[in-house]
Amino acid sequence: MKNTESQGNSKPVTTNQQGLHDRLEEIVLRHLNHPFRKPFADHTLKAFAEAEAWLSQRTGPLILDSCCGVGESSRALAVKHPDASVIGVDRSFHRLQKHEHCFETPASNLLFVRADLIDFWRLAVAAGWTLNKHYILYPNPYPKASQVQRRWHASPVFRTIIELGGTLTVRSNWQLYIDEFAKALSLAGLEASSELYRSDEPMTAFEIKYWASDQETWQCVVSLNSPDR
């Protein structure tokens, strides 16, 4: 998750995993073929209802910034796309509360929501949301091989991420995470690949830290708006 409290050197990801996880294909295909049925948490149901009410008063494309942390990336997206409605979602009230100290003026097209993304994404699909853009920037990579099913692309809600549509952008400083994400998308019939990413305008404190310590960052960008979805 994001953290703006320290912008010093950041250590590269270390892992005991060599190459793509040997169970990745099995896990991804199982999740693609079996919808996730976990009951929704009450607090996320309430948070989603508030987001729906906010959206009902707005027009224009919808951009979702998942795992938004303190919201630097959400703010950057709102400024870059003033005609869009931008929603930043994170599970931590502590991180979201920090946003008001980062910027003097609010962005009228930006809403922050504290919610469990596993529930929030499924509620969005059930409500018929179709995203214009979806960002998952520098999520916790869970680098141990035993943690593979905690990575978004190997989780039970991977199918839901695809169903949300839009142009999906995922970034990490761990190339293997992006390689796996691209592989998971290919198993879903989507053309995807990993590529180096660098910009003159960092969107998050993570990018500032990684690039300051000469770490490479990687991304996968894919359109999920195919005719059969």
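# Exercises on a predicted model

H2 passes H6 in a right-handed crossing. The model used in these exercises is predicted.

**Exercise 1. How do helices H2 and H6 lie against each other, and which residues meet?**

Solution.
- Step 1. Take the axes of H2 and of helix H6, residues 117–126: they come within 10 Å and cross at roughly 45°.
- Step 2. Classify the angle. Oblique covers angles that are not under 35 degrees, not over 145 and not from 65 to 115, so H2 is oblique to H6.
- Step 3. List the contacts. From H2, the residues Thr-44, Leu-45, Phe-48 and Ala-51 take part, and they meet Asp-119, Phe-120, Leu-123 and Ala-124 of H6.
- Step 4. Relate the spacing to helix geometry. With 3.6 residues a turn in an α-helix, residues three or four places apart point the same way.

**Exercise 2. Give the strand order of the sheet and find its edge strands.**

Solution.
- Step 1. Count the elements of the protein chain: nine helices and seven strands.
- Step 2. Read the order across the sheet. It is open, has seven strands and runs S3-S2-S1-S4-S5-S7-S6, with mixed pairing.
- Step 3. Find the strands that pair on one side only. These edge strands are S3 (110–114) and S6 (195–197).
- Step 4. Note the twist. On average, and ignoring direction, neighbouring strands of this sheet are turned by 25° against each other.
- Step 5. Look at one pair. S2, residues 85–90, pairs with S3 in the parallel sense over five bridges. One bridge partner is Leu-110 in S3, which is matched with Val-86.
- Step 6. Add the helix over this part. H2 (residues 42–55) lies across S1 (62–66), S2 and S3, and runs at about 170° to S3.

**Exercise 3. Which residues of helix H8 are buried, and what covers them?**

Solution.
- Step 1. Describe the helix. H8 spans residues 175–187, which is 13 residues, and reaches 19 Å from its first C-alpha to its last. This is close to the 18 Å expected at 1.5 Å a residue.
- Step 2. Pick out the buried residues of H8: Leu-176, Tyr-177, Ile-178, Glu-180, Phe-181, Ala-182, Ala-184 and Leu-185.
- Step 3. Name the cover. It includes helix H1 (24–33), helix H7 (158–163), strand S5 (167–172) and strand S7 (217–223).
- Step 4. Examine H1. The axes of H1 and H8 are 10 Å apart, and the two helices pack at an angle of about 50°. H1 and H8 are therefore oblique to each other, and their crossing is right-handed.
- Step 5. Name the residues in contact. Leu-24, Glu-25, Val-28, Leu-29 and Leu-32 of H1 meet Glu-180, Lys-183, Ala-184 and Leu-187 of H8.
- Step 6. Go past the end of the helix. Just after H8, Gly-189 has a positive phi of about 85°.

**Exercise 4. Is Thr-169 buried or exposed?**

Solution.
- Step 1. Locate the residue: Thr-169 is in strand S5.
- Step 2. Compare its accessible area with the cut-off. The relative accessible area of Thr-169 is 5%, and buried means under 20%, so Thr-169 is buried.
- Step 3. List its contacts, leaving aside neighbours within four places in sequence. They are His-134, Tyr-135, Ile-136, Leu-137, Gln-219, Cys-220 and Val-221.
- Step 4. Set this beside the whole protein chain, where buried residues make up 51% of the 229 residues. Of the contacts in the chain between residues at least 6 apart in sequence, 79% join residues at least 24 apart.

Notes: Residues are numbered from 1 along each chain as its sequence is written. This is a predicted model: local features need pLDDT of at least 70, side-chain atom pairs count only at pLDDT 80 or more; totals for chains, interfaces and linings use all residues. Side-chain values use heavy atoms; hydrogens and water are left out. Two strands pair if DSSP finds at least two bridges between them. Helices (H or I, at least four residues) and strands (E, at least two) are DSSP runs, numbered from the N terminus. Axes are lines fitted to C-alpha atoms, for helices over the stretch in contact, and angles run from 0 to 180 degrees between N-to-C directions. Contact means heavy atoms within 4.5 Å. The expected span of a helix is 1.5 Å times one less than its number of residues. Buried means under 20% relative accessible area, exposed over 50%, partly exposed in between (1.4 Å probe, protein chains only). A crossing is left-handed if the near helix is turned anticlockwise from the far one by less than a right angle, and right-handed if clockwise.
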